[in-house]
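This report goes through one protein chain, from its overall make-up to a few chosen residues. Please look at the sequence and the structure first.

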Amino acid sequence: MSEELPTGPTESPPAPRAAPREVWKKGGRLLSVLLALNVLLLACTLISGGAFNKVAVYDTDVFALLTTMMLLAVLWILFYLLRTVRCPDTDAVPYRDGHAGPIWLRGGLVLFGICTLIMDVFKIGYYSSSFECQSAIKILYPLTQAVFVIVQTYFLCISAKDCVHTHLDLTRCGLMFTLTTNLAIWMAAVADESVHQAHSLSSSHGNTSLQLHAPLSTVQRAGSPVGEDCSCDTAVCQIFQQGYYYLCPFNIEYSLFASTTLYVMWKNVGRLLASSTRGHSHTPSLLSHFRETFFAGPILGLMLFVVGLAVFIIYEVQASGERGRTQQALVIYYIFNIVCLGLMTLVSLSGSVIYRFDRRAMDHHKNPTRSLDMALLVGAALGQYAISYYSIVAAVAGTPRELLAGLSLAHALLVIAQHTFQNVFIIESLHRTPPGAEPHGTPPKEPCHGLTFASLDTLHTLPACPPTPRLVGPSPAGPQGAVSITLAPRGHWRCRCLKDISLFLLLCNIILWIMPAFGARPHFSNAVEVDFYGYSLWAAIVNICLPFGVFYRMHAVSSLLEVYMLS
């Protein structure tokens, strides 16, 4: 077997100048983490204190703190861009991490950023409709957030792969402060949405034990220095208010996506790489990947996605109606989720079984992006685990013979199983080397494309996911005639099955993200847990744990897209 070598001289790009090794990297990281923790605790104190009527923390105090944090973060980002983008000859970024900031993560940032900008427009319109009785900070806050989102999205899209080697401590503190700002915005949005949901459900249950005021963005609480007489009676004001409420989940996801990207950049500060990598430049397009599937996974996933949308609409329409219609909506909702979660569990198990026959090597090289993905998948799943175990105890110790109790028990058990096996499948997939690639530190094998084989016997030495050979023409050389073969980029059946599995799980996770993100709360409509724990305790459990479950679904989507591209 021989390979045609290119003719003519080749020039390799000049290697970046070696950066000096940092004396004590942990000290710089510790300084930035301490700064972030102090700022985050201050923000958490004000945000949580502003959620209760009896605490003398006003919403204007929270808005003033968040506005100040965003302005400082914007100033630091502009300083960073001027130092690295406008002055590229300073060797501030000698290396770029090819694994950081993949295209689907940056695409998600842009998408959620656009939705956040639309949400800010609705907030400005809502506050402007009652400008006479509102504080000026309430209009300044969404304006500042719009500027912050635009500047940060541009910064993350062009600098996500940077490994900075100048002003290390300042860069780490700036990145951590920006990350903390995103987490504070996330906490404020989660508290706003959770309090709104708890307030409306508490009113519908006639329960006044919760001392939570209405959301900061909609109704002023008693005792606020301004806005006691503000009301939203006009049609335009209500449109802006409802639009903000439905766009709030996108703001939550944007803050978390930005936080993960900033964390990877923080880990890469001062990092030394063997060479400046550009990532997987050989990765084909999405269309060529989609052609290498069996189409069973995408079709079944689309069917479940459409059915899930119909079930979600039925639940939203009937859940607020009569008691009989609410129970019927809950039965339909639980049956769909049980079927969807059961199929996802089986498919994830099938993917893990397929990997038992896969001969691709495991990549154990240090990768901050992959380590963060695994930590977020496991950590965010804890929220759904907690809700599920509370539901199991309530269903078993309460009235397990009732239909809703049985469905709730089956749903909770399948949630635990599905999260567990899906995490195992995703984490193992992220550790597998892509077909045709070798893990770091392993010498590359002979390439598969454009080879000339002396005999057909050499086809048996191809890798685990070999391309399909295509005959070009005979050659007179050799006793039996050599055969020139061009390899077409077609995957093995195992690779196609893995692509189908990843696409199916991706579509299912999207519909399971849409339902809770846009207001489906069967935890409160189902009286099993409410009667067992009491409304106050159960509302606190759900409002704390459910946002982590919502984030898990969206993060699983981005991870499964990476699995699909690497399969």
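A residue counts as buried when its relative accessible area is under 20%, as exposed when it is over 50%, and as partly exposed in between. The model described here is predicted.

**The chain as a whole**

The protein chain contains 15 helices and 6 strands. Of its 567 residues, 53% count as buried. The accessible surface comes to about 26,600 Å², and carbon and sulfur atoms account for 67% of that. Among contacts between residues at least 6 apart in sequence, 86% join residues at least 24 apart.

**Helix 1**

Helix 1 covers residues 25–49. Its 25 residues should span 36 Å at 1.5 Å a residue, and the end C-alpha atoms are 36 Å apart, so the two values agree. Several residues of helix 1 are buried, including Gly27, Ser32, Ala36, Val39, Ala43 and Ile47.

**A salt bridge in helix 5**

The count of salt bridges comes to 1. Aspartate 169 and arginine 172 form a salt bridge, with their closest N and O atoms 3.8 Å apart. The two residues are 3 apart in helix 5 (residues 168–205), which means that about one helical turn separates them. An α-helix has 3.6 residues a turn, so residues three or four places apart point the same way. Aspartate 169 is partly exposed because its relative accessible area is 38%, whereas arginine 172, at 0%, is buried.

**Aromatic pairs**

How is a pair of aromatic rings described? The distance of the centres and the angle of the planes are given. In the whole structure, 18 aromatic pairs are found. For tyrosine 390 and tyrosine 533, the ring centres are 5.5 Å apart and the planes are at 80°, so this pair is edge-to-face. The pair links distant parts of the chain, as tyrosine 390 is in helix 10 (residues 368–397) and tyrosine 533 is in helix 14 (residues 527–533), 143 residues apart. Tyrosine 390 is partly exposed, because its relative accessibility of 34% lies between the two cut-offs, 20% and 50%. Tyrosine 533 has a relative accessible area of 17% and is therefore buried.

Tryptophan 513 and phenylalanine 518 form another edge-to-face pair, 5.9 Å from centre to centre with 85° between the planes. Tryptophan 513 is buried at 5% relative accessible area, and phenylalanine 518 is buried at 18%. Both residues belong to one aromatic cluster with Phe112, Phe250 and Phe257.

**Three further residues**

The table lists a residue from each of three other helices.

| Residue | Helix | Relative accessible area | Class |
|---|---|---|---|
| Isoleucine 299 | helix 8 (residues 296–318) | 51% | exposed |
| Serine 408 | helix 11 (residues 403–431) | 2% | buried |
| Asparagine 543 | helix 15 (residues 535–566) | 16% | buried |

Isoleucine 299 is part of a nonpolar patch on the surface, together with Phe295, Leu300 and Met303. The four residues have about 370 Å² of accessible area together.

Which residues does serine 408 touch, not counting residues up to four places away in sequence? They are Tyr334, Ser391, Asn526 and Glu529.

Asparagine 543 is 348 residues from valine 195 in sequence. In space, their C-alpha atoms are 8.3 Å apart.

Methods. Residues are numbered from 1 along each chain as its sequence is written. This is a predicted model: local features need pLDDT of at least 70, side-chain atom pairs count only at pLDDT 80 or more; totals for chains, interfaces and linings use all residues. Side-chain values use heavy atoms; hydrogens and water are left out. Patches are made of residues with over 30% relative accessible area and no salt bridge: like charges are joined within 9 Å, nonpolar side chains (Val, Leu, Ile, Met, Phe, Trp, Tyr) within 5 Å. Accessible areas come from the Shrake-Rupley method with a 1.4 Å probe; for residues, only the protein chains shown count as cover. A salt bridge is a side-chain nitrogen of Lys or Arg within 4 Å of a carboxyl oxygen of Asp or Glu. Helices (H or I, at least four residues) and strands (E, at least two) are DSSP runs, numbered from the N terminus. Buried means under 20% relative accessible area, exposed over 50%, partly exposed in between (1.4 Å probe, protein chains only). Contact means heavy atoms within 4.5 Å. The expected span of a helix is 1.5 Å times one less than its number of residues. Rings of Phe, Tyr and Trp (its six-membered ring) pair if their centres lie within 6.5 Å; planes under 30 degrees apart count as stacked, over 60 as edge-to-face and the rest as tilted.
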